[in-house]
Amino acid sequence: SRQNIGVIGLAVMGKNLALNIADHGYTVSVFNRSGKRTQELLAECTTNNIEGYFSLEEFVQSLERPRKIILMVKAGSPVNDIIKQLKPCLTPGDIIIDGGNSYFADTINRSRKLEAEGFHYFGVGISGGEEGARRGPAIMPGGDVGAYESIGQILTDISAKAEGEPCCRYIGGDGAGHFVKMVHNGIEYADMQLICEAYSILKGVMHMSPSDLHEVFKEWNQGELNSYLIGITSDIFAKKDTDSDHYLVDMILDAAGQKGTGKWTGQVALELGIPIPTITGAVFERYLSSDKATRMEAGKLYGDCAKTKQRGADFVEPVRKALYASKICAYAQGFSLMLEASRQYGWKLNLSGIAKIFRGGCIIRAQFLNKIADAYSDDSELKNLLMDNYFKTVIENYTQAWRDVVATAVTSGISVPGFSSALAYFDSYRTETLPMNLLQAQRDYFGAHTYQRIDKEGTYHTQW
Ligand code: 6PG
């Protein structure tokens with residue numbers, strides 16, 4: 001009998017996903033460009049549900065119809081290459097599923113082409129890293145809704161479960177799944193940046209050691225900040241270096257890497273005209289951090305040009321509040337980007353459902369996503385999370401602490417682009433009269449760009 005599904009690409013994510021599918025009782029054929037990885041997987045796995053193939057034709061022939069083939073290859077040209085090789089082996093109706101971090105616009109293009117040729121194409125966001133792929137990731141499938149029936153059950157079975165509900169749901173047409181995964185990553189960037197700023201403040205003004213920080217984050221993880229990222233942060237602070245007598249975190253070079261999904265989120269937000277300053281700020285901060293040599297030089301050039309404020313133990317709670325309030329703004333930005341993309345691309349995204357699948361398996365999984373799910377199930381057209389009652393109450397109760405923390409950091413010369421951009425986002429958002437009357441006047445002055453008036457209809461230009 002034929003195999004239920006195929007996986008192409010056996011680097012760690014593909015391999016773990018194949019094992020996960022096999023664990024759920026499905027039969028899986030696997031193929032990798034170089035046969036070595038296929039052999040390794042076959043040698044180490046104990047299940048009978050996995051069959052390895054060393055020719056693409058035989059791999060395809062081994063699958064039941066419609067064939068379901070998950071690509072777990074690097075985003076970009078490797079995806080095009082494999083599609084090109086696969087196509088001659090396929091039959092109309094077969095389903096290609098791209099499970100990598102592909103750019104959603106590429107997914108839209110590939111999907112249009114392949115659907116026009118009689119195949120089905122799914123762009124599926126898969127989050128949760130290696131462990132998620134193996135034990136249950138969050139899954140965001142985008143593609144033809146009819147064809148989803150053939151793959152939905154498998155994806156649902158292998159996904160994480162949060163409060164008993166699967167962290168997988170049909171997201172929308174063509175690029176919707178990859179779009180949502182991209183925004184997930186943008187939010188992930190912001191969330192990580194905010195946590196790093198909390199660390200920087202606690203270390204800077206309270207001189208906390210990694211072991212103190214381990215305790216603080218452990219405690220935060222018991223409350224409303226409860227999340228995967230806070231949990232691993234607490235673990236990280238407890239880890240001793242094996243090569244020195246320091247904590248490992250203190251031995252790691254402060255130059256951040258990135259693979260591009262955060263940058264894409266920023267680019268798309270600029271295209272769609274949706275402000276996501278805390279997310280883009282997090283991307284920029286990674287760029288800034290990566291040029292360590294110049295920062296060292298500038299550090300010498302400027303020396304200590306701010307006086308660090310000293311704060312006592314009672315400052316931990318304001319920092320927690322500032323972190324939560326900033327986090328709310330970062331998520332508000334990410335979700336408003338999805339709202340606008342849904343309109344522009346016609347995806348009809350269910351934001352409440354998306355918040356729910358983010359509750360488990362993925363990197364940003366957190367308790368508080370229940371609150372986001374509630375906000376959008378109360379009002380699916382909610383303009384911004386900041387307009388929701390629960391979030392309004394939190395922000396109102398926390399703004400004083402939030403301002404105090406940002407002010408303390410700024411006075412102390414501690415860079416807090418995340419906390420401060422989130423606060424500025426909130427302040428701009430709630431300000432009835434911004435100074436853009438002046439900006440409009442300037443535009444009209446030098447470029448006759450015209451302006452509107454507050455007291456009457458029409459378009460005006462002044463000879464300044
Ligand atoms: C996930 C992660 C995953 C990943 C990114 C991070 O959801 O499982 O987001 O996609 O770790 O590759 O990328 P950076 O290297 O850009 O931080």
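Trainee: How many residues of domain 1 are in contact with residues of domain 2, and how many of domain 2 take part?
Mentor: This is a predicted model, in which local features need pLDDT of at least 70 and side-chain atom pairs count only at pLDDT 80 or more, while totals for chains, interfaces and linings use all residues. Residues are numbered from 1 along each chain as its sequence is written. The chain is divided into domain 1 (5–174) and domain 2 (181–430), with bounds that come from an automatic or database domain assignment. With contact taken as C-beta atoms, placed from the backbone, lying within 7 Å, the numbers are 23 residues of domain 1 and 17 residues of domain 2.

Trainee: Which elements give two or more residues to the side of domain 1 that touches domain 2?
Mentor: The centres of the two domains, taken over C-alpha atoms, are separated by 32 Å. Helices (H or I, at least four residues) and strands (E, at least two) are DSSP runs numbered from the N terminus. On that basis, the elements that give two or more residues to this side of domain 1 are β6, α6 (129–135), β7 and β8 (161–162).

Trainee: In what order do the seven strands of the open sheet stand?
Mentor: Two strands pair if DSSP finds at least two bridges between them, and the pairing in this sheet is mixed. For instance, β1 and β2 pair in the parallel sense over four bridges, whereas β6 (residues 120–127) and β7 pair in the antiparallel sense over five bridges. The order of the open sheet is β3-β2-β1-β4-β5-β6-β7.

Trainee: Which strands stand at the edges, each with a single partner strand?
Mentor: Within the order β3-β2-β1-β4-β5-β6-β7, each edge strand has a single partner, so one side of each is left without a neighbour in the sheet. The strands at the edges are β3 (50–53) and β7.

Trainee: Is strand β7 largely enclosed or left open by the rest of the structure?
Mentor: A residue is buried if 20 or more other C-beta atoms lie within 10 Å of its own, exposed if 12 or fewer, and partly exposed in between, with C-beta atoms placed from the backbone. Both faces of β7 are covered, with A138, M140 and G142 buried on one side and I139 and P141 on the other. Across the pairing with β6, G123 stands opposite G142, and the bridge partner of G125 is M140. Five of the five residues of β7 (138–142) are buried, so the strand is largely enclosed.

Trainee: What angle does the direction of helix α7 make with that of β5?
Mentor: Helix α7 (residues 145–158) packs on the sheet, where it touches β1 (5–8), β4 (68–71), β5 (95–98), β6 and β7. Axes are lines fitted to C-alpha atoms, for helices over the stretch in contact, and angles run from 0 to 180 degrees between N-to-C directions. Between α7 and β5, the angle is about 50°.

Trainee: Which residues of the largest nonpolar core touch the most other members?
Mentor: A nonpolar core is a set of buried Ala, Val, Leu, Ile, Met, Phe, Trp, Tyr and Cys residues joined through C-beta atoms within 7 Å. The largest has 133 residues, and this core draws at least three residues from each of domain 1 and domain 2. I96, leaving aside its neighbours within four places in sequence, is in contact with I69, L71, I83, L86, L114, F119 and Y121. The residues that touch the most other members are L71, I96 and M338.

Trainee: How wide an arc do the buried residues of α10 cover around the axis?
Mentor: In helix α10 (residues 228–238), the buried residues are L229, I230, T233 and F237. They lie on the same side of α10, which follows from an arc of only 100°, where the arc is that of the directions from the helix axis to the C-beta atoms. These residues pack against α8 (176–206) and α9 (210–220). The arc that they cover is 100°.

Trainee: What is the count of buried residues in helix α13?
Mentor: Helix α13 (residues 292–302) is followed by G303, whose phi is positive, near 60°. The helix is hardly covered, and among its eleven residues the buried count is zero.

Trainee: Is D174 buried or exposed?
Mentor: D174, in the loop between β9 and α8, has a positive phi of about 20° although it is not a glycine. E163, in the loop between β8 and β9 (165–166), also has a positive phi, of about 45°, and counts as exposed with 8 C-beta neighbours inside 10 Å. With 25 other C-beta atoms within 10 Å, D174 is buried.

Methods: Two residues are in contact if their C-beta atoms, placed from the backbone, lie within 7 Å.
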